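Work through the exercises below with the sequence and the 3D structure open. Each task is followed by a solution in steps.

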Amino acid sequence: MSNNQDHFKFSTGVIAYPIFFVLTIWLVFWFEVRFGFNFSKYGIYPQTFKGLRGVFLSPFLHGSIQHLYHNTIPLFVLSMALFYFYRPIAWKVLFYGIIVSGFLTWYIGRPSYHIGASGLIYVLVSFIFFKGVFAKHYRLVALSLLVIFLYGSMIWYALPLEEGVSWEGHLSGLITGLLFAFIFRKAIAKPKKYVWEEPNYNEDDDPFLKHFDENGNFIEKIEPEPKQPTVNYTFKENKD
């Protein structure tokens, strides 16, 4: 069973790791522009052996400054939420999320280069939403609702509606996030249980409820229970 403190605990990594990841993808794009390289050929090219390298490299590659900008903010926000609310499993979700969603894209994708961190973003959106629903913890449910409010419209881009958009990568990310929500179902923060929720709870022993009578009326002063009389026996030695 996971400890709530392991999940809801702020550390420098909550901000540092997302910043590092975002700076890395920006640095790769700057290197391309500065020295005239085009790394798109290192993306996922479905159903080819050579295209498998994109499973690991594609999240760091972007086709334009607009593409990179649109991925930066949601990637930073969602990964920061992941490290704060799900710190014990955050690295597993990121690492395996890149691999699994990448392989799915490689398997179902069109014969074209698929690049960008959007697949990982869809993993995080799907995982955070479904994980909060399964957890039934008020903080995680609130996070799920916030994610849907901010990024719920992204669901449409997991369908083949716009040309030039890797809907296969988006769909793979959604499926992977849902799958991870099931796999890591036990690694969740448990809702706090109060005394009256325990199976061995007895109302008669509750000091608070003793202030109310059987009709629910408040008793201003509780009469102390009468003490049972005690008898003391003293042994005296007979000197006769």
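**Exercise 1. The cavity**

Which helices each supply at least two residues of the lining of the largest cavity? Describe the cavity and its lining.

Solution.

Step 1. Note first that the model is predicted. The count comes to one cavity of 30 Å³ or more, and about 160 Å³ of space lies in the largest cavity.

Step 2. Helix 5 and helix 6 each supply at least two residues of the lining. Helix 5 gives the most, with five residues.

Step 3. The lining of the largest cavity has 18 residues, and Ile 44, Ser 58, Thr 105, Gly 116 and Gly 119 lie nearest the centre.

Step 4. Sorted by class, the lining of the largest cavity holds seven nonpolar and 11 polar residues, with no charged ones.

**Exercise 2. Two pockets**

Describe the largest pocket and the second largest pocket by volume, lining and residue class.

Solution.

Step 1. Start with the largest pocket, which has a volume of about 740 Å³. It is lined by 26 residues, and the closest to its centre are His 67, Asn 71, Ser 118, Val 165 and His 170.

Step 2. Assign the lining to elements. Helix 4 (65-85), helix 6 (118-135) and helix 7 (138-151) are the elements that give two or more residues to the lining of the largest pocket. Helix 4 gives the most, with six residues.

Step 3. Sort the lining of the largest pocket by class: 12 residues are nonpolar, 12 are polar and two are charged.

Step 4. Turn to the second largest pocket, with a volume of about 270 Å³. Its lining has 15 residues, with Phe 21, Phe 60, Trp 91, Leu 94 and Ile 98 closest to the centre.

Step 5. At least two residues of the lining of the second largest pocket come from each of helix 2 (12-35), helix 4 and helix 5 (90-108). By class, this lining has 13 nonpolar and two polar residues, and no charged residues.

**Exercise 3. Helix 8 and the salt bridge**

Find the buried residues of helix 8, then work out which parts the salt bridge ties together.

Solution.

Step 1. Helix 8 runs over residues 167-183, which is 17 residues. From first C-alpha to last, helix 8 reaches 24 Å, close to the 24 Å expected at 1.5 Å a residue.

Step 2. The buried residues of helix 8 are Glu 168, Gly 169, His 170, Ser 172, Gly 173, Leu 174, Thr 176, Gly 177, Phe 180 and Ala 181. Helix 5 and helix 6 are included in what covers them.

Step 3. The structure holds one salt bridge. In this salt bridge the side chains of Glu 168 and Arg 110 meet at 2.6 Å, N to O.

Step 4. Glu 168 lies in helix 8 and Arg 110 in the loop between helix 5 and helix 6, so the pair ties together parts that are 58 residues apart in sequence.

Step 5. Compare the partners against the cut-off for burial, under 20% relative accessible area. Glu 168 has a relative accessible area of 0% and is buried, whereas Arg 110, at 34%, is partly exposed.

**Exercise 4. One serine**

Is Ser 144 buried or exposed, and which residues does Ser 144 touch?

Solution.

Step 1. Place the residue: Ser 144 lies in helix 7.

Step 2. Ser 144 has a relative accessible area of 2%, so Ser 144 is buried.

Step 3. Leaving out residues up to four places away in sequence, Ser 144 touches Ile 128, Phe 129, Gly 132 and Val 133.

Technical notes. Residues are numbered from 1 along each chain as its sequence is written. This is a predicted model: local features need pLDDT of at least 70, side-chain atom pairs count only at pLDDT 80 or more; totals for chains, interfaces and linings use all residues. Side-chain values use heavy atoms; hydrogens and water are left out. On a 1 Å grid over the protein atoms alone, a cavity is a set of points where a 1.4 Å probe fits but cannot get out, and a pocket is an open set with protein on both sides within 12 Å along at least five of seven lines; lining residues have an atom within 4 Å of a point. Grid points are joined across faces, edges and corners, and a volume is the space filled by probe spheres set on the points. Helices (H or I, at least four residues) and strands (E, at least two) are DSSP runs, numbered from the N terminus. Ala, Val, Leu, Ile, Met, Phe, Trp, Tyr, Cys and Pro count as nonpolar, Asp, Glu, Lys and Arg as charged, and the others, Gly among them, as polar. The expected span of a helix is 1.5 Å times one less than its number of residues. Buried means under 20% relative accessible area, exposed over 50%, partly exposed in between (1.4 Å probe, protein chains only). Contact means heavy atoms within 4.5 Å. A salt bridge is a side-chain nitrogen of Lys or Arg within 4 Å of a carboxyl oxygen of Asp or Glu.
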